[in-house]
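Here's a quick tour for anyone about to load this chain into a viewer. Have a look at the fold first, then read on.

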Amino acid sequence: MGSDSASLVGGVLTTMLGLAAFSRANLAGCQFACKEADLTGCDFRDADLSDADLHGVNLTLAELGNANLARTNLADANLHQADFTWADLSGANLTGANLYGAILDDVQGVDDETLKNLQRRAARWNFVNKR
């Protein structure tokens, strides 16, 4: 891991972190202990959030481009205007998530049922690598 990246594998985050930069961070398995944590505008580009628990978290305007969100729990999360371009959503739980205005260009790992559900709620999409 290079000097410009961080690892919080399995960590528990409990504070408001709006606009924080987590680009290229390893956050695999992290849990956000307070439901409805505020991560508005955070930069998660190229971050590993696989198996993380972001249930109910506010990710409005978050940058999630090329992030690994495989098996991430995003149930009831506020993903309003979040940018998921090239993100891996394989097995992610998006039940009840607010995707209004989200950008889902070229997301990875999306099955047909999830694709239909996401398209109804997102602003822009162009799926190239669905399962």
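What follows goes from the overall fold to the core, the salt bridges and one threonine.

## Overall fold

Keep in mind that this is a predicted model. The secondary structure boils down to one helix and four strands, and reading along the sequence gives you β-β-β-α-β.

The chain has 131 residues, and 46% of them are buried. Its exposed surface comes to about 6,300 Å², with carbon and sulfur atoms supplying 47% of that area. If you look at contacts with a separation of 6 or more, residues 24 or more positions apart account for 5% of them.

## The nonpolar core

Which residues have the most contacts inside the largest nonpolar core? They are Phe-44, Leu-59, Leu-64, Leu-79, Phe-84 and Leu-89, in a core that has 36 residues.

Phe-84 is a handy one to click on. Leaving aside neighbours within four places in sequence, Phe-84 is in contact with a list of residues that includes Leu-64, Leu-79 and Leu-89, and those three are also among the core residues with the most contacts. Other partners of Phe-84 include Gly-65, Leu-69 and Leu-99, along with Ala-102, Ile-103, Leu-104, Asp-105 and Val-107.

## Two salt bridges

A search of the whole structure turns up two salt bridges. One pairs the side chains of Asp-43 and Arg-45, with an N to O distance of 2.6 Å. Asp-43 counts as buried, at 13% relative accessibility, whereas Arg-45 is partly exposed at 39%.

The other salt bridge joins the side chains of Arg-71 and Asp-51, at 2.8 Å from N to O. Both residues sit in the loop between β2 (31-32) and β3 (103-105), so the pair ties together parts that are 20 residues apart in sequence. Arg-71 is partly exposed, with a relative accessible area of 48%, and Asp-51 is partly exposed too, at 41%.

## A closer look at Thr-60

Thr-60 also belongs to the loop between β2 and β3. Is Thr-60 buried or exposed? The relative accessible area of Thr-60 is 13%, and buried means under 20%, so Thr-60 counts as buried.

What does the side chain of Thr-60 make a polar contact with? The partner is the side chain of Asn-58, at 2.6 Å. Once neighbours within four places in sequence are set aside, Thr-60 is in contact with Thr-40 and Gly-41, plus Asn-78 and His-80.

Note on methods
Residues numbered from 1 in each chain as written. Predicted model: local features only at pLDDT ≥ 70, side-chain atom pairs only at ≥ 80, totals over all residues. Heavy atoms only, no water. Helix = DSSP H or I, 4+ residues; strand = E, 2+ residues; numbered from the N terminus. Buried < 20%, exposed > 50% of the residue type's maximum accessible area, 1.4 Å probe, protein only. Contact = heavy atoms within 4.5 Å. Areas by Shrake-Rupley, 256 points an atom, 1.4 Å probe, with all protein chains shown as cover. Salt bridge = Lys/Arg side-chain N within 4 Å of Asp/Glu carboxyl O. Core = buried A, V, L, I, M, F, W, Y, C linked by side-chain atoms within 4.5 Å. Polar contact = N/O pair within 3.5 Å; in protein donor to acceptor, adjacent residues only side chain to side chain.
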